[in-house]
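Hello,

I am handing over the structure we spoke about. Please open it first, then read on for what was found.

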Amino acid sequence: MNTKKPFLQRMRHTCQCDRFICRLVSQFGEVSKLLRPVMLNMAMTLTAWIYVYDMKTDERLSAMFLMSGNSTTGNQYHDGIINAFSAMIVLAVVSFSMLLLALWDCRRLVQLWLHMSCLLILFAVSGGFFYDLLKSIHMDEDKIIYEYLPGLVTAYGGFGCIAFFYPEAPLLLHQFFVLSNCSLVSLFYLRSFPGYTAWFVLWCVALWGELFLNL
């Protein structure tokens with residue numbers, strides 16, 4: 001029986017030098033584990049963004065930003081920068097608030113926040129997506145609201161509760177709902193960001209991550 005390990009695996013275990021290629025190979029195994037779910041999440045999000053929403057934002061959601069509609073600087077790039085910074089400030093305040101609560105040992109409050117956020121995605125955000133999905137295939141609105149939507153939301157939210165709150169739930173079910181919930185949140189933000197805001201938000205997130213990595 002051939003027990004020889006693949007070349008890359010042997011190289012990761014035996015090479016101790018600090019050359020770029022060796023460090024790249026040594027980290028490839030860890031990165032490759034993350035690429036599959038990330039790519040699947042991107043595929044799910046882009047599929048819905050293109051075929052359900054036609055890559056169009058929702059003006060009702062965009063209205064919550066500082067620079068949208070009639071409130072504008074007259075320059076889309078300036079509007080995007082202002083919106084991105086305002087969004088990042090809100091995210092930073094929420095993130096640091098959760099961190100402080102965790103440091104102060106307010107675990108129950110943090111868990112309550114996380115559980116409520118999860119339930120909001122499972123039952124509310126998913127409901128909005130299912131409604132838009134059924135509307136995109138030109139179904140009658142009364143049938144959507146009174147026949148299909150309640151069943152879809154109940155099924156998705158119910159199985160999601162099993163996946164997240166039942167300790168013995170199958171791992172595959174949990175992974176599916178992690179990916180689908182991430183896609184739902186991504187779609188919500190894509191529909192909310194007016195103009196070029198999404199691009200500036202991505203840059204801010206990248207800079208924020210780089211800043212924390214260098215601390």
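Which residues do ring pairs link into a cluster? They are Phe129, Phe130, Tyr156, Phe164, Phe176 and Phe177. Please keep in mind that this is a predicted model.

**Aromatic pairs**

The count of aromatic pairs comes to nine. One of them joins Phe188 and Tyr189, edge-to-face. Their ring centres are 5.9 Å apart, and the planes stand at 75°. Both residues are partly exposed: Phe188 has a relative accessible area of 31%, and Tyr189 has 36%.

Phe200 and Trp203 make another pair, with 5.0 Å between the ring centres. Why is this pair edge-to-face? The planes meet at 90°, and an angle over 60 degrees counts as edge-to-face. Both residues belong to helix 8, which covers residues 197–213. They sit three residues apart there, so about one helical turn separates them. An α-helix has 3.6 residues a turn, so residues three or four places apart point the same way. Burial splits this pair. Phe200 is buried, at 12% relative accessibility. Trp203 is exposed, at 51%.

**Helix 5 and helix 6**

Helix 5 spans 107–136, and helix 6 spans 141–165. How do their axes run? They come within 9 Å and cross at roughly 145°. The crossing is right-handed. As for the residues of this contact, 17 are nonpolar, six are polar and two are charged.

**Two loop residues with positive phi**

Asp105 lies in the loop between helix 4 (76–103) and helix 5. Its phi is near 65°, a positive value in a residue that is not glycine. Is Asp105 buried or exposed? Asp105 is exposed, because its relative accessibility is 53% and the cut-off for exposed is over 50%.

His138 lies in the loop between helix 5 and helix 6. Phi is positive here too, at about 65°, and His138 is not a glycine either. His138 counts as exposed, with a relative accessibility of 74%.

**Cysteines**

How many disulfides does a search of the whole structure find? It finds zero. Take Cys161, which is in no disulfide. The nearest cysteine sulfur belongs to Cys118 and is 6.9 Å away. A disulfide needs the two sulfur atoms within 2.5 Å, so Cys161 and Cys118 do not qualify. Cys161 is partly exposed, with a relative accessible area of 22%. Cys182 is partly exposed as well, at 39%.

**Helix 7**

Helix 7 covers residues 171–192, which makes 22 residues. From first C-alpha to last, helix 7 reaches 32 Å. That is close to the 32 Å expected at 1.5 Å a residue.

Which residues of helix 7 are buried? The list is Phe177, Leu179, Ser180, Asn181, Ser183, Leu184, Leu187, Arg191 and Ser192. Phe177 also belongs to the ring cluster described at the start.

**Where to look first**

Start with the ring cluster, which includes Phe129 and Tyr156. Then turn to the right-handed crossing of helix 5 and helix 6. Finish with Phe200, which is buried, and its exposed partner Trp203.

Best wishes

Conventions: Residues numbered from 1 in each chain as written. Predicted model: local features only at pLDDT ≥ 70, side-chain atom pairs only at ≥ 80, totals over all residues. Heavy atoms only, no water. Phe/Tyr/Trp six-rings, centres within 6.5 Å; stacked < 30°, edge-to-face > 60°. Buried < 20%, exposed > 50% of the residue type's maximum accessible area, 1.4 Å probe, protein only. Helix = DSSP H or I, 4+ residues; strand = E, 2+ residues; numbered from the N terminus. Axes fitted to C-alpha atoms, helices over the stretch in contact; angles between N-to-C directions. Left-handed = near helix turned anticlockwise from the far one by under 90°. Nonpolar A, V, L, I, M, F, W, Y, C, P; charged D, E, K, R; others polar. Expected span 1.5 Å × (residues − 1).
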